Amino acid sequence: MADKLHNATADRATALCELAAVLPGQVALPGDPGWDDLRLGWVRSVDQQPSAVVTANDDEDVVAAVHWAATSGFSVSAQPVGHGATTAVDGTVLLRTRRLSEITLDLEHGTARVGAGVKWGEFLTALNGLGVTGLAGSSPDTSVVGYTLGGGLSWFGRKYGLAAYSVLAVDLVDPTGRPRRATHTTNPDLFWAIRGGGGDFGIVTSMDIQLHPAPHVYGGRLLWPAAMARPVLQAFSHITDTAPDELTMWAELLRFPPLPAIPALLRGGSFVAVDLTFLGSAEKAEALLAPLRALAAPQQDTLGTVELADLGGICAEPVDPLPVSEQTGLLSGLDDAAITALLDAVQDGPDFVLDVVQVRHLGGAFARASAADGPAGAITEPYMLAALAVPATPEVAVRIQQTFAAVTRAMSTWLTGRTPFNFLGADVDPTRAITGAALTRLSAVKAATDPDGVIRSNRPIPVRRVIAVTGATGAQGGALIRAILRHPESGLVPRAILRNANSAAAYRLAALGVEMVRADLDDRDSLAAAFEGAHGAFCLTNFWEHFDADREQAQAANLAAAASTAGVSHAIWSTLEDTRTWMPLPDERMPTLQGKYKVPHMDNKAESDRLFIEAGVPTTFLIASFYWENLINLGMGPQRGADGVQELTLPLANSALPGIAVADIGASAYEIFRAGPPATEERIGIAGDHLTGHELADALGLALDEEVRYRPLTAAAFRALGFPGADDMGNMFQFVAEFNADNLALRPLASSRARHSGLQDFTTWLAVNATAIPLAPAG
């Protein structure tokens, strides 16, 4: 393994040297002078770790870099400025496209062509005085292209909609390194995805956008002391309830640091402000603002004609890079109760506890859009709540997150759970912004345009990959389904394969939105139909249902053949060791069962491994351990002895038992599917702990708060217990005890935990589950 890792690292280093030769003087690598400034985005609190940074001077450089990546096994990301920085770019080659600075205006047709590196401040300056505008947001420092790819909530969006919906054409370099153009009629699916679905479909070099009339813009800021927060927010709510689309208002609770660079009026103080723009005359605007004008005079009033070149000055957001923590969500309303809840969460005496809390009024054209316009569709929520603070120290960062949590709790009645794409902050998961049919369509576009993941944006679109799960209502299969559902960002989607769709367990899965498909392990054709269209298949048989090893092996043959027929790209076969390798059939230390097995439920699974290999299905052979849930469900927990002391009775002698929580089997299988199919045969053993009978008893005693002693039993005595399967289980425990070192080595703890970082040890599992273990009462 060490040799393989060394070779892989060497190959990547060689490839990066080749890239440096392709683009001499434009490639920076870790350790180069100025590396940290080059690798970090504008948001300095996001510790981006790309493999290299390339400064692209023109479109041809982008073509060269992407073509190199497509042939070298790397992914590429684009980032002109980095206001949307996330760790999703880690390991990629990061393209800095700031030098792609074209601005071409076509005023006759009301359009503009903008290069990938152009900032909004630069573009608005070019439009200044022309009576038309692009759909700019609050900051002049963000790039037009990056902002627009994520949707773009503009000052003028209530009138004209999301900035993305004003895109007319996009020029990009596709994942093969070829230039492509996307419009409504050329590559229409790609064009739809780009209009608000982010930059995960190609490296955009320029876009053509529709300009909109803006003959006169009135706007600026009204600012009052923090004590005026309630009446100002109430007036804001009143005005926005009936505001025309031409008026956009954002209410803000502001806390300024006591720094010399801050104007004296604001330095160290807390304030409430309303920032606004109006597409029209000052007279019409002021008539609409009457409820605010009826309040005490503001301490600051900058309202007046706003030149487009000065639009960024309304909010006066910082343009120099800095660390930022942010949290955003859409609101269903802003009534008096919501205002009270918000102020209670963010006020500490006369001051606010966050640097910025902003409520943006949406509605208008935002709400009139449709799914046909782009992935974001319509934003029907009338308001957006955003909170922002600067985590100057680790201690401050903790307090910020605590306050964010308090705001979420306080506003839970009004928060809808959705967030606009550009306001996801450092979150790499796009599923809070784009959901349902739109996410499914985006995933399909990603799969069609970039199946190998050459392009990786700051928020990668998950490629929807169906995982067909047999044993879906059982322990392992159910755990895998739950693990997949916990990670919607992965793009993995479970499909439950079950024989009885009318069971209580099946109904519980259906309630979670899981696709249900009927099939029978004894019916190969039904399995092939159930696997159709699936990327992966979790293949599991249940010996304990019928105690027939030959039937179980026939079922395994059906699973392997069905996976092959359906073209499954990755199967996991839940298997075990063939104990006959250690204990041949003639060995009389252990009885032979069913004529040809030592431990039927293990040996026949291991013998079935070859069926998947022969079927040509890329397969991971997953070797699990003793379920700790057996202490709950199979009556294998402690039993009270004649003297009243709890006894754990197992035929282990002094050997260790590899054990695991069922949930961790599912989580490990999820990680295996997420990593992708193996290039060669892959065998993975997993365990959460290796504990002797004494160690198990001691852990149980601590968890149960009473003495538990270990009483070893011979394998023969266990077999003689006579319950169904006692002979098989007795042989299993004998195998574990007599060949303990090999049994444990096959299930290494370190690699199990490296694969699934949340893997529970026995003590952790007991902390949650000990009370579920059936125990006879004392006395």
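Student: Is Gln-594 buried, partly exposed or exposed in this model?
Tutor: Keep in mind that this is a predicted model. Gln-594 lies in the loop between β26 and α19 (600-614). Its relative accessibility is 41%. Buried would need a value under 20% and exposed one over 50%, so Gln-594 counts as partly exposed.

Student: What is the phi of Gln-594 near?
Tutor: Gln-594 is a residue other than glycine, yet its phi is positive. The value is near 50°.

Student: Where is Asn-187 found, and what is its relative accessible area?
Tutor: Asn-187 is found in the loop between β9 (179-182) and α7 (188-194). Asn-187 has a positive phi of about 55° although it is not a glycine. This residue is partly exposed, with a relative accessible area of 25%.

Student: Is Glu-381 buried or exposed?
Tutor: Glu-381 is found in the loop between α12 (365-368) and β21 (383-389). Its relative accessible area is 7%. The cut-off is under 20%, so Glu-381 is buried.

Student: Which residues does Glu-381 touch, if we do not count residues up to four places away in sequence?
Tutor: Start from what we just found: Glu-381 is buried. Contact here means heavy atoms within 4.5 Å. With that cut-off, Glu-381 touches Leu-330, Leu-331, Leu-362, Gly-363, Thr-416 and Arg-418.

Student: How far apart in space are Glu-381 and Trp-42, C-alpha to C-alpha?
Tutor: In sequence, Glu-381 and Trp-42 are 339 residues apart. In space, the C-alpha to C-alpha distance is 29 Å.

Student: Let's turn to strands. Which strands stand at the edges of the open sheet with the order β1-β2-β4-β3?
Tutor: This open sheet has four strands with mixed pairing. A strand at the edge has a single partner strand, so one side of it is left without a neighbour in the sheet. The strands in that position are β1 (27-28) and β3 (76-78).

Student: Which residue in β4 does Thr-55 stand opposite?
Tutor: Strand β2 (residues 52-55) and strand β4 (residues 93-96) run parallel, and four bridges join them. Opposite Thr-55 in β4 stands Arg-96.

Student: At about what angle does helix α3 run to β4?
Tutor: Helix α3 (residues 59-72) lies across β2, β3 and β4. Relative to β4, the helix runs at about 170°.

Student: Are helices α11 and α13 roughly parallel or roughly antiparallel?
Tutor: Helix α11 (residues 336-346) packs against helix α13 (residues 394-410) at an angle of about 160°, and their axes are 9 Å apart. Angles over 145 degrees pass the cut-off, and therefore α11 and α13 are roughly antiparallel.

Student: How many nonpolar, polar and charged residues are in the contact of α11 with α13?
Tutor: From α11 come Ala-341, Leu-342, Ala-345 and Val-346, which meet Thr-403, Ala-406, Val-407 and Ala-410 in α13. By class, that gives seven nonpolar, one polar and no charged residues.

Student: How many residues of strand β27 are buried?
Tutor: Thr-619, Phe-621 and Ile-623 point one way from β27 (residues 619-623), while Thr-620 and Leu-622 point the other way. All of these residues are buried. The count for this mostly covered strand is five of its five residues.

Student: Which residue in β27 does Ile-572 stand opposite?
Tutor: Strand β26 (residues 570-575) is joined to β27 by five bridges, and the two run parallel. Opposite Ile-572 in β27 is Thr-620.

Student: In the open sheet with the order β29-β30-β34, which strands stand at the edges?
Tutor: Three strands form this sheet, and the pairing is mixed. Each edge strand has a single partner strand, so one side is left without a neighbour in the sheet. The edge strands are β29 (639-640) and β34 (708-712).

Student: Which residue in β34 does Leu-650 stand opposite?
Tutor: Strand β30 (residues 646-650) pairs with β34 in the parallel sense over five bridges. Opposite Leu-650 stands Pro-712.

Student: At about what angle does helix α22 run to β34?
Tutor: Helix α22 (residues 693-704) lies across β30 and β34. Its direction relative to β34 is about 155°.

Student: Last one! Leaving aside its neighbours within four places in sequence, which residues is Thr-692 in contact with?
Tutor: Thr-692 has its place in strand β33 (residues 689-692). With a relative accessible area of 18%, Thr-692 is buried. Its contacts are Asn-654, Ser-655 and Ala-656.

Notes
Residues are numbered from 1 along each chain as its sequence is written. This is a predicted model: local features need pLDDT of at least 70, side-chain atom pairs count only at pLDDT 80 or more; totals for chains, interfaces and linings use all residues. Side-chain values use heavy atoms; hydrogens and water are left out. Buried means under 20% relative accessible area, exposed over 50%, partly exposed in between (1.4 Å probe, protein chains only). Two strands pair if DSSP finds at least two bridges between them. Axes are lines fitted to C-alpha atoms, for helices over the stretch in contact, and angles run from 0 to 180 degrees between N-to-C directions. Angles under 35 degrees count as roughly parallel, over 145 as roughly antiparallel, 65 to 115 as roughly perpendicular and the rest as oblique. Ala, Val, Leu, Ile, Met, Phe, Trp, Tyr, Cys and Pro count as nonpolar, Asp, Glu, Lys and Arg as charged, and the others, Gly among them, as polar.
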